[in-house]
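Student: I have a model open and want to learn how to read its features. Where should we begin?

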Amino acid sequence: MVRSISQDIWLDLAGLYADYASAVDRGDWDRWVEFFTDDGVYRLVPRENHERGFPLATLAFSGKGMLKDRVYGIRETLFHDPYYQRHVIGLPLIHSSEHGRIVAEANYAVFRTKLSELSTVYNVGRYLDTVVCTPVGLKLASRECIYDSELIPNSIIYPI
């Protein structure tokens, strides 16, 4: 862990993670897009592919245009049983912080609740993030959601 980062930046980073979880858990998809820089990258990757350096991702979006397209798909074109999700995100571990660029990771667990059903563990893994300081606060330049299980539900609709 990098110990030279200021407490204010670390608290801002923890706040970014909490705000992100709140937005996706509430289904505030327009806000989800705004967590990223204009050329931000979002990828959902199986752990095995990440560890072996394979480029294949379950979901991969580059830039706000692709993120907005996913939001459009969620709202207008993807048909699925409605469900709620709830994120539990661990405290961020800082790997490096230089020139307004932070490389961090945090463990996550996402629970899913379908209407009239019990909650289940939906997806578990870790975020590997590159976060940049911008005039409006911290933004994700990239987020890799590296999930642990080799098995995933037959469709992942909402961002992890």
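Tutor: Begin with a hairpin: two residues connect β6 to β7. Keep in mind that this is a predicted model.

Student: How do β6 and β7 run, and how many bridges join them?

Tutor: They run antiparallel, and ten bridges join them. One bridge to pick out is D129 with R143, the latter in β7.

Student: Which strand pairs with β7 in the parallel sense?

Tutor: Strand β1, residues 36-46, does so over seven bridges. There, V45 has I146 of β7 as its bridge partner.

Student: Is β7 largely enclosed or open, and why?

Tutor: Count its buried residues. Nine of the eleven residues in β7 are buried, so the rest of the structure largely encloses this strand.

Student: Now the rings. How is a pair of aromatic rings described?

Tutor: By two values: the distance of the centres and the angle of the planes. In the whole structure, a search finds eleven aromatic pairs. Take Y83 and Y158: their centres are 4.5 Å apart, with 45° between the planes, and the pair is tilted.

Student: What does the pair of Y83 and Y158 tie together?

Tutor: Y83 is in strand β3 (residues 83-89), and Y158 is in the segment after β7 (137-147). The pair therefore ties together parts 75 residues apart in sequence.

Student: Are Y83 and Y158 buried or exposed?

Tutor: Buried means under 20% relative accessible area. Y83 has 7% relative accessibility, so Y83 counts as buried. Y158 is buried too, at 13%.

Student: What kind of pair do Y108 and Y127 form?

Tutor: A stacked one, 4.7 Å centre to centre with 25° between the planes. Y108 belongs to strand β5 (residues 101-114) and Y127 to strand β6 (residues 120-134), so this pair ties together parts 19 residues apart in sequence. Both Y108 and Y127 are buried.

Student: Which residues form one aromatic cluster with Y108 and Y127?

Tutor: Y17, Y20 and F35.

Student: Which arginines lie over the faces of Y83 and Y127?

Tutor: R112 lies over the face of Y83, at 5.1 Å from the ring centre. R143 lies over the face of Y127, at 3.6 Å from the ring centre. You met R143 before, as the bridge partner of D129.

Student: One last residue. Where is R26 placed, and is R26 buried or exposed?

Tutor: R26 is in helix α1, residues 7-26. Its relative accessibility is 54%, so R26 counts as exposed. Along the chain, R26 and Y84 are 58 residues apart, and 8.2 Å separates their C-alpha atoms.

Methods: Residues are numbered from 1 along each chain as its sequence is written. This is a predicted model: local features need pLDDT of at least 70, side-chain atom pairs count only at pLDDT 80 or more; totals for chains, interfaces and linings use all residues. Side-chain values use heavy atoms; hydrogens and water are left out. Helices (H or I, at least four residues) and strands (E, at least two) are DSSP runs, numbered from the N terminus. Buried means under 20% relative accessible area, exposed over 50%, partly exposed in between (1.4 Å probe, protein chains only). Rings of Phe, Tyr and Trp (its six-membered ring) pair if their centres lie within 6.5 Å; planes under 30 degrees apart count as stacked, over 60 as edge-to-face and the rest as tilted. A charge sits over a ring if NZ of Lys or CZ of Arg is within 6 Å of the ring centre and within 35 degrees of the ring normal. Two strands pair if DSSP finds at least two bridges between them.
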